[in-house]
Amino acid sequence: MTKKCTDLIQGLNDYLDGEIAPELCAEIEKHLGDCHDCRLMVDTLKLTVKLCRESGQCEELPPEFAAKLNDLLRRRWEQKFKK
């Protein structure tokens with residue numbers, strides 16, 4: 001993972017909420033245009049937020065499923081970006 005990817009992830013909530021300076025927003029947009037992995041992550045997160053807002057409620061996952069899902073996502077993330 002590049003430094004730019006790490007920086008993007010750290011500021012992702014502020015970016016999605018529109019709470020960052022226009023200059024930084026432009027930098028993020030440029031990175032998203034160049035980095036398929038980050039673009040995919042941002043698009044997926046935007047869709048998740050949109051679906052939750054439209055439904056008016058978010059459903060809780062069963063604890064066992066949530067733990068398995070979090071573990072799988074963490075392992076995949078580490079395999080891809082912690083080399």
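**View 1. The chain, from one end to the other.** Starting at the N terminus, the elements of this predicted model run α-α-α-α-α. That gives 5 helices and 0 strands. Taken along the principal axes, the box filled by the C-alpha atoms is roughly 40 × 35 × 15 Å. The chain has 83 residues, and 14% of them count as buried.

**View 2. Helix H3 and its two sides.** H3 covers residues 22-34, which makes 13 residues. From first C-alpha to last, H3 reaches 19 Å, close to the 18 Å you'd expect at 1.5 Å a residue. Which residues of H3 are buried? They are Ile28, His31 and Leu32. Look down the axis of H3 and these buried residues fall within an arc of 100°, so they line one face of the helix. There's a handy bit of background here: an α-helix has 3.6 residues a turn, so residues three or four places apart point the same way. Now check the other side of H3, where Pro22, Glu23, Glu27, Lys30, Gly33 and Asp34 are exposed.

**View 3. Helix H4 and what comes just after.** H4 has 20 residues and reaches 29 Å from its first C-alpha to its last. The expected value at 1.5 Å a residue is 28 Å, so to speak a close match. Just past the end of H4 sits Gly56, with a positive phi of about 80°.

**View 4. The largest pocket.** How much space lies in the largest pocket? About 410 Å³. The lining is made of 15 residues, and the closest to the pocket's centre are Asp37, Leu40, Met41, Thr44 and Trp77. Three helices give two or more residues each to this lining: H1 (3-10), H4 (36-55) and H5 (63-81). H4 gives the largest share, with 7 residues. Sort the lining of the largest pocket by type and you get 10 nonpolar, 2 polar and 3 charged residues.

**View 5. The second largest pocket.** This one has a volume of about 240 Å³. Among the residues lining the second largest pocket are Lys4, Asp7 and Leu8, along with Ile20 and Leu24. Some residues from View 2 turn up in this lining too, including Glu27, Ile28, Lys30, His31 and Asp34. Of these, Ile28 and His31 are buried residues of H3, while Glu27, Lys30 and Asp34 are exposed. The elements giving two or more residues to this lining are H1 and H3. The largest share, 6 residues, comes from H3. By type, the lining of the second largest pocket splits into 4 nonpolar, 2 polar and 6 charged residues.

**View 6. Cysteines without a disulfide.** As a reminder, a disulfide is a covalent bond between the sulfur atoms of two cysteines. How many disulfides does a search of the whole structure find? It finds 0. Cys5 is in no disulfide, and the nearest cysteine sulfur, that of Cys38, is 3.5 Å away. The cut-off for a disulfide is a pair of sulfur atoms within 2.5 Å, so that pair doesn't make it. Where does Cys35 stand? The closest cysteine sulfur to its own is again in Cys38, 3.6 Å away, which is too far for a bond. Are Cys5 and Cys35 buried or exposed? Cys5 is buried, with a relative accessible area of 6%, and Cys35 also counts as buried, at 14% relative accessibility.

Terms used: Residues are numbered from 1 along each chain as its sequence is written. This is a predicted model: local features need pLDDT of at least 70, side-chain atom pairs count only at pLDDT 80 or more; totals for chains, interfaces and linings use all residues. Side-chain values use heavy atoms; hydrogens and water are left out. Helices (H or I, at least four residues) and strands (E, at least two) are DSSP runs, numbered from the N terminus. Buried means under 20% relative accessible area, exposed over 50%, partly exposed in between (1.4 Å probe, protein chains only). The arc is that of the directions from the helix axis to the C-beta atoms. On a 1 Å grid over the protein atoms alone, a cavity is a set of points where a 1.4 Å probe fits but cannot get out, and a pocket is an open set with protein on both sides within 12 Å along at least five of seven lines; lining residues have an atom within 4 Å of a point. Grid points are joined across faces, edges and corners, and a volume is the space filled by probe spheres set on the points. Ala, Val, Leu, Ile, Met, Phe, Trp, Tyr, Cys and Pro count as nonpolar, Asp, Glu, Lys and Arg as charged, and the others, Gly among them, as polar.
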